[in-house]
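Subject: The structure I promised you

Hi,

Here is the structure I said I would pass on. Have a look at it first, then read my notes below with the viewer open.

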Amino acid sequence: MRRYLAILLPLALALTACQRETGGDPLKLTGKMFVFNYRLAYATYLVTLEQTEPLPDGAIVKAEFENPAGGAPLTLERKIFPNLPRVVLESPDVTCVKKARPYKVTIAVVGPDGGTLQSIETEVTSSADQNILPAKPLVVGPGYDKNPEVFKDGKAPAHFEMATCAR
């Protein structure tokens, strides 16, 4: 018995010494899609990440979303809270989204010292064109009242005006 213990104890110590000095990527991409809000007549990118490794206090996520309307990318910056396992990134409103076209998203995890801890590049593809949305929000205000610009005299129009791409 002592002989086995003499062999197993050093083996166990050697195995614990084999732990990685640096962990893997701290965030894992878990979801990506376009969200079309029909009632409020807008579309956004939605990207979700899950923490797989602890991050230093003060770390942030910077995201750049390709602008479907053209021009400069849309940017977003979010603080990472160590006790929250998920990070949700929702872009500013977008226009001119086309069905089946991939749009580029770049994400950087930045430490409190300004150094990049991780970079993620992905693409988001929509299953619908943005022209499925109405041109104007159907509701307004905190009570979701009917939009008077759409519902004249409280009645629904015979045909809703649909969103178009201005480019």
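Strands here are DSSP runs of E with at least two residues, and they are numbered from the N terminus. With that in mind, you can place T30: this residue is found in strand β1. Please remember that the whole thing is a predicted model.

**The overall layout**

The protein has one helix and nine strands. If you walk along the sequence, the order is α-β-β-β-β-β-β-β-β-β. There are 167 residues, and buried ones make up 28% of them. Take the contacts between residues at least 6 apart in sequence: 61% of those join residues at least 24 apart.

**Back to T30**

Which residues does T30 touch, leaving out those up to four places away in sequence? They are T48, L49 and E50. L49 is 19 residues from T30 in sequence, yet their C-alpha atoms are 5.3 Å apart in space. T30 has a relative accessible area of 41%, so it falls between the 20% limit for buried and the 50% limit for exposed, and is called partly exposed.

**The aromatic rings**

A search of the whole structure turns up four aromatic pairs. One of them is F34 with Y45, a tilted pair with 4.5 Å between the ring centres and 35° between the planes. This pair links distant parts of the chain, since F34 sits in strand β1 (residues 27–37) and Y45 in strand β2 (residues 42–51), 11 residues apart. Are these two buried or exposed? Both F34 and Y45 are buried.

Now compare F151 and F160. Their ring centres are 6.1 Å apart and their planes meet at 75°, so this pair counts as edge-to-face, because the cut-off for that label is over 60 degrees. F151 is buried, at 13% relative accessibility, while F160 has a relative accessible area of 26% and is partly exposed.

You can also look for a cluster: F34, Y45, F65 and Y103 form one aromatic cluster.

Two charged side chains lie over ring faces. R39 is over the face of Y144, 5.1 Å from the ring centre. K146 is over the face of F151, 5.4 Å from the ring centre, and that is the F151 that also pairs with F160.

**The largest pocket, and C96**

The largest pocket holds about 240 Å³ of space. Its lining has 20 residues, and those nearest the centre are C96, Q130, A163, T164 and C165. How do the lining residues divide by type? There are 12 nonpolar, four polar and four charged ones.

C96 deserves a second look. It is found in the loop between β5 (86–90) and β6 (102–110), and it is buried, with 6% relative accessibility. Its phi is positive, about 70°, although C96 is not a glycine. Most residues other than glycine have a negative phi.

D153 is another residue to check on this point. Its phi is near 55°, again a positive value in a residue other than glycine. D153 lies in the segment after β9 (145–146). At 80% relative accessibility, D153 counts as exposed, whereas C96 counts as buried.

**Two loop residues**

G70 is in the loop between β3 (60–65) and β4 (74–79). With 32% relative accessibility, G70 is partly exposed. Try selecting G70 together with C96: they are 26 residues apart along the chain, and their C-alpha atoms are separated by 8.7 Å.

I132 is in the loop between β7 (116–125) and β8 (139–140). Its relative accessible area is 40%, so I132 is partly exposed. Not counting residues up to four places away in sequence, I132 touches F36, Y38 and M162. A41 is 91 residues from I132 along the chain, and the C-alpha atoms of the two are separated by 9.4 Å.

**Where to start**

If you want a route through the structure, begin with T30 in strand β1. Then move to F34 and Y45, which are both buried. After that, find C96, one of the residues nearest the centre of the largest pocket.

Cheers

Terms used: Residues are numbered from 1 along each chain as its sequence is written. Side-chain values use heavy atoms; hydrogens and water are left out. On a 1 Å grid over the protein atoms alone, a cavity is a set of points where a 1.4 Å probe fits but cannot get out, and a pocket is an open set with protein on both sides within 12 Å along at least five of seven lines; lining residues have an atom within 4 Å of a point. Grid points are joined across faces, edges and corners, and a volume is the space filled by probe spheres set on the points. Ala, Val, Leu, Ile, Met, Phe, Trp, Tyr, Cys and Pro count as nonpolar, Asp, Glu, Lys and Arg as charged, and the others, Gly among them, as polar. Rings of Phe, Tyr and Trp (its six-membered ring) pair if their centres lie within 6.5 Å; planes under 30 degrees apart count as stacked, over 60 as edge-to-face and the rest as tilted. Helices (H or I, at least four residues) and strands (E, at least two) are DSSP runs, numbered from the N terminus. Buried means under 20% relative accessible area, exposed over 50%, partly exposed in between (1.4 Å probe, protein chains only). A charge sits over a ring if NZ of Lys or CZ of Arg is within 6 Å of the ring centre and within 35 degrees of the ring normal. Contact means heavy atoms within 4.5 Å.
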